[in-house]
Amino acid sequence: MEYVNPEGLRLDGRRPMEMRQLRGEIGVVSKADGSAVFEMGNTKVIAAVYGPREVQNRSQQLNDQALVRCEYSMANFSTGDRMRKPKGDRRSTEISLVIRQTMEASILTHLMPRSQIDIFVQVLQADGGTRSACINAATLALADAGIPMRDLVTSCSAGYLNGTPLLDLNYVEDSAGGADVTVGILPKLDKVTLLQMDAKLQMDTFENVMQLAIEGCKAVASYIREILLDNTKQLEFRRGV
Amino acid sequence: MIFSKVKGVLADEVLDLPTQCPSSRTPPPPSPVTVQPPASSPLDFEVRLGIAGKVVKRYSFLIGDPLMVGLSFGEKNFIKGGIAHDLRTDGRKRLTYRPIFVETGVIPQASGSARVKMGATDVIASVKAELGKPNPSHPDKGKVSIYVDCSPTAEPTFEGRGGEELSTELSSALQRCLLGGKSGAGAGIDLSSLSIVEGKVCWDLYIDGLVVSSDGNVLDALGAAIKAALSNTAIPKVQVAANASSDEQPEVDVSDEEFLQFDTSGVGRHYIVDATTEEESQMSSAISVSINRQGRICGLTKRGGAGLDPSVILDMISVGKHVSEQLINKLDSEIAAAEACDEDNEMDS
Amino acid sequence: MAGKASATPATYSPSPTGHRKKRPPTLTDSDWIRPDGRTVHQCRPAFLRTGAVNSASGSAYAEFGNTKVIVSVFGPRESKKAMMYSDTGRLNCNVSYTNFATPNRSQAPEPKDLSSMLHKALEGAIILKSFPKTTVDVFALVLESGGSDLPVITTCASLALADAGIMLYDMVASVSVSCYGKNLLIDPVSEEESYQDGSLLITCMPSRNEVTQMTVTGDWSTPKIHEAMQLCLDACSKLGKIMRTSLKESASCPHD
Amino acid sequence: MRDLQLSLNKGQSVRLERALEQLESLSSKANSDASVTVADDISVNYEDAILKGHGTVEMDGRLVATLCGVVERVNKLVYVRALRARYKPEIGDIIVGRVIEVAPKRWRLEINFSQDAVLMLSSMNLPDGIQRRRTAIDELNMRSIFEESDVICAEVRGFQHDGCLHLQARSQKYGKLKKGQLLTIPPYLVKKRKQHFHYLDEYGIDVILGCNGFVWVGEHVETRDDMAEDLSNKSEPSSVKSLNTMSDDEAEETYTPPETRQNICRTANAIRVLSTLGFMITVEVVVEIVKLSISLNLDVHEMLGAEFYVLVAEKEAERRSLLTKRR
């Protein structure tokens, strides 16, 4: 199948290096300490952060740092063909773990000893790149909860189809069987914190694709920064003195 | 996706249908989904949804473990006193609802969807239609299944399997109200309108609810969301006809579901509707009634363990009927507003 | 279940007086033939027995027509889960079906749903304050599903609780009716349930006249609900008497 | 920006927007570039020796923010004042909390901090008011002072060597709060002041703005002197017991009178509206909003309608512009 037509356009009309439309919104779950919605095209994710709060299960309490937990769940209606999956299947467990480890690396856990931070991500619509969208949503939610972080974490994926590196794969491109590279970076520190790839790629192609994904991450980072800064300014001027 | 199944069932009649990819970047296909057959198709699949319902619900609901929202004795007494004096903690009267906020078309991949907010309670409902085989015992009817999920974003205790108990309870309460008796009588959704070829093909409607944030009265919010989602739903009407008048807009059929909640507080002598989490924690029992436009009862569930005098139940039903009329009107106008807004957005994009 | 002479199944059909004026004598009403030959307002004979499981603190066996249920009660015993402090006891209910309970394995209803319904039905009748910090477990096993399963489970569970010596405000009796066109069929069997237009289930504490659980499905008018409720409540109070009798029997002639 | 989730009509949204714009222009312009997000550089003059405070970290010789907030400079100290976040306790803060556990010699309280706070039996005045060693009997009777779920008011004592946050309640003004409702608002909207207990005598209610964002609005209770305290507390345990068992009629007599209840609910709704809009909550502003709602002859629940939100935003813009003019 042709994923990039001769004019150089992808199935949904994007150019190979073009990202889908991003949209982020802070404060969607009023009860949570921090929450956010993040959309990448048709992929839509809600993240809610509870904590830092008292550790619920005392045996898990850490005396020198915060306990970070994460649960990823998909709504029944999130995928094209409706499936009712049991909670905690392998894929969800794996993604929960990936998100937890990625976020934990950025949170200054040592500042909140003996406490617990819960990150819940709920996929409302899945159209490729859910992992990335979850991480971006979780970053926004953590920042909204006022949890100190070394740096923002942003994520984006890239793939390689029809001999072209493609940024931010959607579901159709993702399931085409080509390589899919998901990268998470700490933009300020300029470090990669997450790197996952399915399928195989030539070493030099891989570098190109990964570089493309990193560029994507940076674009996401500048968007997220913009939202956070705007939000902070709003909160501050509304509060007044 | 939906249509791939047709091939298996109706291979003789159906040749090809466009599969709709969950496309990216470009704005999602507006729902109602217009399914346009390719010009080469000898058959025209024109599409129309048939749900003709009539239900109204009212509901009440006790959430989780009361310890979760433990209130001190003074606060409990304050809530009870408020109910007795007809002035609840947020200033509402016993039979006043919180403002309801409806948004339709939130899940573009679904046949219909809606999001409803009442105070801090926030739920999403989606309707998906798939082709399936009718149940041999009811060959002339389609099938509807309802599932509710409680997201841990709403309440950390819903993590893992923590939300399952509540999910089951909500699902079965909604099923009871929407699906009617086993014969299909009194259902909120007219199952026979979902039939395509008797005994062979019918629509399977999957109604999924998701609780995103909870602050009491989740059941009512879900009911309202399902009603809004159904009125937002357009299902292809499958016709075996040869001409291709494909640019005809599919018609959206509305099911007249209404839901309304009804609680009794622990005080016992007064009833309240649309309880917040705190009020729910004080309810010893509650009655959820679903009432349709004609004022008939289409489902009832008692919630909470404490016993109630039968006359009290009948009394609550009559109060519920009274409140339901107002709620139906309120919801109707909210849904109409949401759909107008939804259409505006589509035109803009 | 070695049947004793006194254990003749008792029936608890409601007396028709309460709702006569509500029911115009239509032809269908009298001509109605139910699959098991009962009249519309006739209940299946109820066979109730306590002490079915020796290892349990209390147990009961119920046989209503083809519906056969066994319930065992354990406790009050220490809660397994580390719970927060609470000055009341906890009730834990679990309903399961045997593989052979229904003709088709997949037909059994969702046991999780039934468990939570059973919990709600019993919760209000148990004096939870009488066993603080501990848990009472109620395990119900449906040996054969023959219709009106939940009412039978609830009734049987209440008997088992009484047999276990758990403090109760009252016995809990449960009865359901099916609506079939204009007719109300009490205590429907599976076949009737699968064709019903609507159903109404009431669980109540007969001597306190309190309803602990009630569900309605289908399309009902208020007078009809009223009629059905009367019917069920009447049947419940009679069923309550049968339960009492069976408890007294087991108390007077203890198991060998 | 977080959505208010109101169904505003066109006119209302224009007015709200205008009010918010006015607020934005009123906020000290000098401060607008002081807002930072996570990982933003904080510009400092490195020639001065600076002290890096809360919410900052040094990275490759630069000062970087770890929170979203506003950069504050006090002499050499540079820190980021967080906006939305959990409560950060400071010694002497007056807080409102909820008892979640009665443990040996202590109560554990939820106070919107990253851990539960601890109130030791020895850090509070006993009902009899006499300073003495706590006996085993006192320990057994802890539940008669505070039990699970009780809302209490106390003062932050500080972190003890065990790493726990300790509270104290060594004054008659602290203790159990009854007859009213607890609201939770983001702590950054509560300004730290000398006075957190407010008695609004024209309404007959108490408002306690806890520094941790827990706000109590309830029927006014006279702070009793030691003698009165002594007497009332002796009778209290028995009266509480009987409340639990009393019939509906008896319970009704103890209910807050309707006028006071109306005032409590009105005040609570004023706080809800202000906190949703994200405006700083002080008792003066709250009273102003309550008066506004009374002057408009609104029902209490109408205060949560869209129109009133717009009015409050307009009122706040007006109030702040007056303040700036006066300066």
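**Notes on the predicted model**

1. Residues 170-231 of chain C are 24% helix and 50% strand, and the C-alpha atoms at the two ends of that stretch sit 20 Å apart. Keep in mind that this is a predicted model. The stretch has a label too: an unreviewed UniProt entry puts "domain: Exoribonuclease phosphorolytic" at residues 42-166 and 170-231 of chain C.

2. Now chain C as a whole. Going along the sequence, the order of elements is α-β-β-β-β-α-β-α-β-β-α-β-β-α, with 5 helices and 9 strands in the chain. Of the 256 residues in chain C, 50% are buried. If you take the contacts in chain C with a separation of 6 or more, 72% of them link residues 24 or more positions apart.

3. Chain A carries an annotation with that label. For chain A, UniProt (again an unreviewed entry) lists "domain: Exoribonuclease phosphorolytic" at residues 18-148 and 151-216. The 151-216 span of chain A is 27% helix and 42% strand, and its end C-alpha atoms lie 17 Å apart.

4. Have a look at strand β5 of chain A, residues 115-125. How many of its residues are buried? The count is 11 of 11, so to speak a mostly covered strand by the 20-neighbour cut-off for burial. Strand β3(A), residues 43-54, runs antiparallel to β5(A) and is joined to it by 9 bridges; in β5(A), Val123(A) is the residue opposite Val45(A). Strand β4(A), residues 67-74, runs parallel to β5(A), with 8 bridges between them. Here Arg69(A) stands opposite Asp118(A) of β5(A).

5. Next, the nonpolar core. The largest one has 313 residues, and those with the most contacts inside it are Ala47(A), Ala137(A), Ala225(B), Val71(C), Val138(C) and Ile153(C). Which helix gives the most to this core? That is α4 of chain A, residues 203-239, with 12 residues. Over in chain D, domain 1 (37-83) and domain 2 (94-242) both give residues to the core, so the core lies between these two domains.

6. Ala137(A) deserves a click in the viewer. Leaving out residues up to four places away in sequence, Ala137(A) touches Ala36(A), Val37(A), Phe38(A), Val45(A), Ile46(A), Ala47(A) and Val121(A). One of these, Val45(A), is the residue paired opposite Val123(A) in β5(A), and another, Ala47(A), is also on the list of residues with the most contacts inside the core.

7. On to the contact between chains B and D, which takes 25 residues from chain B and 32 residues from chain D. On the chain D side, β14 (180-184), α4 (226-245), α5 (248-253) and α6 (258-277) each supply at least two residues. The largest share, 6 residues, comes from α6(D). Sorted by class, the side of chain D that touches chain B has 13 nonpolar, 11 polar and 8 charged residues.

8. Last one: Ile94(D), which belongs to strand β8 (residues 94-103) of chain D. Is Ile94(D) buried or exposed? Ile94(D) counts as buried because 21 other C-beta atoms lie within 10 Å, and the cut-off is 20 or more. Apart from neighbours within four places in sequence, Ile94(D) is in contact with Cys153(D), Glu155(D), His196(D), Gly210(D) and Cys211(D). Gly55(D), 39 residues apart from Ile94(D) along the chain, has its C-alpha atom 23 Å from that of Ile94(D).

Technical notes: Residues numbered from 1 in each chain as written. Chains lettered and ligands numbered in written order. Predicted model: local features only at pLDDT ≥ 70, side-chain atom pairs only at ≥ 80, totals over all residues. UniProt positions renumbered as here; feature names shortened; annotations may be inferred. Helix = DSSP H or I, 4+ residues; strand = E, 2+ residues; numbered from the N terminus. Core = buried A, V, L, I, M, F, W, Y, C linked by C-beta atoms within 7 Å. Buried ≥ 20, exposed ≤ 12 C-beta atoms within 10 Å, placed from the backbone. Domains from an automatic or database assignment. Contact = placed C-beta atoms within 7 Å. Nonpolar A, V, L, I, M, F, W, Y, C, P; charged D, E, K, R; others polar. Pairing = 2+ DSSP bridges.
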